[in-house]
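Reader: I should be grateful for a close look at a single part of this model, set within the chain as a whole. Please describe how the helices of that part meet.

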Amino acid sequence: MVKISLRPPENPPDRLSRRFNDLFGVTAHIAGTQRVSHSGQRLEAASRYAANLLAEWVTDGSILGVAWGTTTSAIAAHLGQSHVQDVTVVQLNGAAGPRTTGTGTSAPLLSTMARAFNAELYPFPTPAFFDLEETRTLLWKESSVRRILAVRSAVDLAVFSVGAFHGPVLSQVYTEGHFTQAALRSLNENRVVGDICTVFIREDGSYADIDVNRRASGPTPSDLARIPRRLCVVSGRHKVRGIVGALRSGAVTDLVIDDLTAKVVLDHLEPPGPTANV
């Protein structure tokens, strides 16, 4: 007697997710898109997927840490009203810069997140980058700032993205006057490929010896690694090297990424071999 069974082919997103887990030990959530989708549509797909995950993961008593930026603002726009209680939303990194207070960028995002989860909001009213490392050291000793840092250190779920220097959807770190052209050139010379929570990283995941990071207000990858769940949401082939750096830094437990960007990241890491002549 012969038994015949039919099984559908493996879903491509499942293969992509498993490969990210094999390479980096993260859980990858692949947002499906149309093959002809442009960068804005892919960002929408990833941010909508991430909003659905947050709606599931934020429960009574959660402390949600949020890094401001283009992607997290898109996520907030997709959040519906939740019925959870005793939730706290805290800003992970400062936003003020030489030409802006940063409130126009961070305040709408944080307010939307807090309303969606009926949460108490803790803004972080500091510069994204201090002029002097000594200034940050002194400010971190102030009781009002220590209060925010204490909440930040208790975060159990963080959401952030990867900033990029170039591309169709730039990180707000690079569009709001935080850096001069000379400073950006210096970052390039230091092989910086992007940032997470306004902390700059190289493709190998290193960051500790990059001078500007000693003046940054955001948590480092090692700070993030103490948080039980860290959701990184990314889209765009221009962020590929930054994505690799973020994953190698240990800052990420969960990755939301659109299917095209996921394939480009894996091709960057494992270029396809030459096609054999038949």
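Author: Of the contacts in the protein chain between residues at least 6 apart in sequence, 75% join residues at least 24 apart. The model is a predicted one, and its protein chain holds 10 helices and nine strands. Of the 278 residues, 51% count as buried. The chain exposes about 13900 Å², of which carbon and sulfur atoms supply 51%.

The part chosen for closer inspection is the meeting of two helices. Helix H2 spans residues 39-57 and helix H3 residues 70-77; their axes come within 8 Å and cross at roughly 60 degrees. H2 is therefore oblique to H3, since an angle of that value falls outside the 65 to 115 degrees that count as roughly perpendicular and is not under 35 degrees, the limit for roughly parallel. The crossing of H2 with H3 is right-handed. On the H2 side, the residues that take part are Leu43, Glu44, Ser47, Ala50, Ala51 and Leu54, and they meet Thr70, Thr71, Ala74 and Ile75 of H3. Sorted by class, this contact comprises six nonpolar, three polar and one charged residues.

A residue of another helix may be added. Ala114 lies in helix H4, which covers residues 103-116. Its relative accessible area is 8%, and because buried means under 20%, Ala114 counts as buried. Leaving aside neighbours within four places in sequence, Ala114 is in contact with Val89, Ala119 and Leu121. The C-alpha atoms of Ala114 and Leu64 are separated by 9.4 Å, although these residues are 50 residues apart along the chain.

Key: Residues are numbered from 1 along each chain as its sequence is written. This is a predicted model: local features need pLDDT of at least 70, side-chain atom pairs count only at pLDDT 80 or more; totals for chains, interfaces and linings use all residues. Side-chain values use heavy atoms; hydrogens and water are left out. Helices (H or I, at least four residues) and strands (E, at least two) are DSSP runs, numbered from the N terminus. Buried means under 20% relative accessible area, exposed over 50%, partly exposed in between (1.4 Å probe, protein chains only). Contact means heavy atoms within 4.5 Å. Accessible areas come from the Shrake-Rupley method with a 1.4 Å probe; for residues, only the protein chains shown count as cover. Axes are lines fitted to C-alpha atoms, for helices over the stretch in contact, and angles run from 0 to 180 degrees between N-to-C directions. Angles under 35 degrees count as roughly parallel, over 145 as roughly antiparallel, 65 to 115 as roughly perpendicular and the rest as oblique. A crossing is left-handed if the near helix is turned anticlockwise from the far one by less than a right angle, and right-handed if clockwise. Ala, Val, Leu, Ile, Met, Phe, Trp, Tyr, Cys and Pro count as nonpolar, Asp, Glu, Lys and Arg as charged, and the others, Gly among them, as polar.
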